[in-house]
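The following briefing goes through one structure by topic, beginning with a single residue and moving outwards to the chains and their partners. Please read it alongside the sequence and the coordinates.

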There are 2 protein chains.
Amino acid sequence: MSLIQLYRQGVEHPQAQVCAQCGVRQFALFGALPDAELDRIHTHIADQPIAAGGMIYDLGQAPDAVYTVRSGVVRMERINERGDRCVVRLAGRGDLLGMEALLMQPYAAAAIACTEVQVCRIPRQLVAELSARQPAVVTRLMERWQHALGDAEEWLAELSVGPARRRMLRLLLKLSELAAPAPKLWLPSREDMGVMLNMTIETASRIVSALRRESVLLDVEGRRARIDAQALQAALRSADL
Amino acid sequence: MSLIQLYRQGVEHPQAQVCAQCGVRQFALFGALPDAELDRIHTHIADQPIAAGGMIYDLGQAPDAVYTVRSGVVRMERINERGDRCVVRLAGRGDLLGMEALLMQPYAAAAIACTEVQVCRIPRQLVAELSARQPAVVTRLMERWQHALGDAEEWLAELSVGPARRRMLRLLLKLSELAAPAPKLWLPSREDMGVMLNMTIETASRIVSALRRESVLLDVEGRRARIDAQALQAALRSADL
DNA sequence: CGAAAACTTGATTAGCATCAAACCAGGTGG
DNA sequence: CCACCTGGTTTGATGCTAATCAAGTTTTCG
């Protein structure tokens, strides 16, 4: 069975059309399912657009669904004991959010749309039933968990250590990966950069200004910009010495 | 069935004795198993002591087992792109390490014994067979994954932001939780503190000295110390203002 | 168009890194 | 047994990075 056929064409339910055209088929949580299962699930999956700045879910919310990101950038945010916001990782196309809901645990972090975002809401119940019948789904889930863990550890190792300039460069690298294959990436507000990289908005602003002067950042217009991948790599190399 | 009976008494295999006396029964990866399964698995589990500073597994190693920590403190360490060591979290009694092995993925971080450590080596094959027959094991695995993710995010939110003194205080809090219920906790070398908290050994040393003068740290002898929990909390509160 | 919000830039300061020099404990060998 | 070395630690002096304080400037939006 080819990837293209994973989601069946020509069924009547409106969500079936959305799933059929879904760009994240490579996110194969439901990839290995037989057609019978596939037809059944469309009914329960809600495809929802969320505006930039909107919440996908918040800390206090009842944890009864997971969300697949179809497009856009999402930040996972905690409040630490000191009371300040703290971004623990960014998620993008294909990532699965809020898996703690599957274990009946409260959400450990809020999921906030950075850009306009398209997510699929998948109720806990549906995943539970499905994985009972289809053991392959469980393996997929575990892979997703491991992926999230790897992302969090990478964020820690790459974006929370070293001098401010290096951290900013690594954030831009991350953002350009999330934007791919689009040419223009999303630039966070200086305040959001500050929260992500543990620096003040002034420091963030100074570094961004410097990178524009150095032509690492190009065509900056509002919250979108193009980046010179070569120059970024070069800047990272010299910052890593 | 009571918790005490989870691991059956009086069976012949030497490892059965170790498991029967195992202190981490609350780590119930194998908790919900019927007796028949329990008897079978002892044979395949290796209980191994590791000296302080020793590796449980390294990055390059073939990932063919997970490890349960029975006692001691373990640090999970990555090398970032810049080439410096970076502790992504600490693990203790009851934690499950190296789960990526279950997915046939290379270890994402090295696991290094901070104190003398007792771990149980559980081959991937065993977990695979067991979870095929016993679906409850899979849920336990997912809970462990979520737990690791939560730990990593907490490390990020609490131990990698804020001024040096605050980070040190939070590390001491974490270490005293890992040591519990023992009265004395393990103090890392100043160098290890530096790697965990992203500071120099000089800064770490100065802060530790200050905390001894303030009687937050008591009875420091080599790598062991007692901590005044009240004073620690008070110090944290005033650092968090 | 005017006000608010976001961003930029400059001047000063604080916190931590760096450099440098003791200090101490534990081993080793004379 | 003591002199000596070695690795970890402590403490001090100095310098750099980024925070803070304080204007400006641009963008956004009612």
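**A residue in strand E7 of chain B**

In this predicted model, Ala111(B) is placed in strand E7 of chain B, which spans residues 110-113. Ala111(B) counts as buried because 25 C-beta neighbours lie inside 10 Å, where 20 or more are needed for that label. The points below first complete the picture of this residue and then turn to the fold, the pairing of the chains and the DNA.

**Surroundings of Ala111(B)**

- Leaving aside residues up to four places away in sequence, Ala111(B) touches Ile56(B), Tyr57(B), Tyr67(B), Val74(B), Met76(B), Leu97(B) and Gly98(B).
- Val87(B) is separated from Ala111(B) by 24 residues in sequence, and the C-alpha atoms of the two are 9.8 Å apart in space.

**Chain A as a whole**

- Chain A contains 8 helices and 11 strands, and of its 241 residues 41% count as buried.
- Among the contacts in chain A with a separation of 6 or more, 69% are between residues that stand 24 or more positions apart.

**Packing of H5(A) against H8(A)**

- The axes of H5(A) and helix H8 of chain A, the latter made of residues 229-239, come within 10 Å and cross at roughly 145°, and the crossing is left-handed.
- On the side of H5(A), the contact is made by Arg165(A), Arg166(A), Leu169(A), Leu172(A), Leu173(A) and Ser176(A), while H8(A) contributes Ala229(A), Leu232(A), Ala235(A), Leu236(A) and Ala239(A).
- By class, the residues of this contact between H5(A) and H8(A) divide into 8 nonpolar, 1 polar and 2 charged.

**Pairing of chains A and B**

- In the contact between the chains, 32 residues of chain A meet 32 residues of chain B.
- Strand E5 (85-91) and helix H4 (135-159) of chain A are the elements that give two or more residues to the side of chain A that touches chain B, and H4(A) gives the most, with 15 residues.
- The side of chain A that touches chain B has 17 nonpolar, 7 polar and 8 charged residues.
- A turn of 180° with a shift of 0.0 Å along the axis lays chain A on chain B with an RMSD of 0.0 Å, which means that the two are related by a two-fold axis.
- In chain A, the C-alpha nearest the axis belongs to Leu149(A), at 2.6 Å from it.
- Both copies use the same surface, since 100% of the contact residues of chain A recur in chain B.

**Surface near DNA strand C**

- Of the 16 residues that surround DNA strand C, the closest are Ser189(A), Ser205(A), Ser209(A), Pro163(B) and Thr203(B).
- Helix H6 (190-197) and H7 of chain A, together with helix H5 (164-179) and H7 of chain B, each give two or more residues to this surface, and H7(A) supplies the largest share, 6 residues.
- The surface near DNA strand C divides into 5 nonpolar, 5 polar and 6 charged residues.

**Surface near DNA strand D**

- Around DNA strand D there are 17 residues, of which Pro163(A), Ala164(A), Thr203(A), Ser205(B) and Ser209(B) come nearest.
- At least two residues of the surface near DNA strand D come from each of helix H5 (164-179) and helix H7 (201-213) of chain A, and from each of helix H6 (190-197) and helix H7 (201-213) of chain B.
- H7(B) gives the most to the surface near DNA strand D, with 6 residues, and by class that surface has 5 nonpolar, 6 polar and 6 charged residues.

**Backbone features in the loops**

- The peptide bond from Ala180(A) to Pro181(A) is cis, with omega near 5°, and Pro181(A) lies in the loop between H5 and strand E9 (184-186) of chain A.
- In chain B, a cis peptide bond joins Ala180(B) and Pro181(B), with omega about 5°, and Pro181(B) is placed in the loop between H5 and strand E9 (184-186) of chain B.
- Ser215(A), in the loop between H7 and strand E10 (217-221) of chain A, has a positive phi near 60° although it is a residue other than glycine.
- Ser215(A) is exposed, because 9 other C-beta atoms lie within 10 Å.
- Ser215(B), which is not a glycine, has a positive phi of about 60° and lies in the loop between H7 and strand E10 (217-221) of chain B.
- Ser215(B) is exposed, with 10 other C-beta atoms within 10 Å.

Terms used
Residues numbered from 1 in each chain as written. Chains lettered and ligands numbered in written order. Predicted model: local features only at pLDDT ≥ 70, side-chain atom pairs only at ≥ 80, totals over all residues. Near = placed C-beta within 6 Å. Helix = DSSP H or I, 4+ residues; strand = E, 2+ residues; numbered from the N terminus. Nonpolar A, V, L, I, M, F, W, Y, C, P; charged D, E, K, R; others polar. Axes fitted to C-alpha atoms, helices over the stretch in contact; angles between N-to-C directions. Left-handed = near helix turned anticlockwise from the far one by under 90°. Contact = placed C-beta atoms within 7 Å. Least-squares fit on C-alpha atoms with pLDDT ≥ 70 in both. Buried ≥ 20, exposed ≤ 12 C-beta atoms within 10 Å, placed from the backbone.
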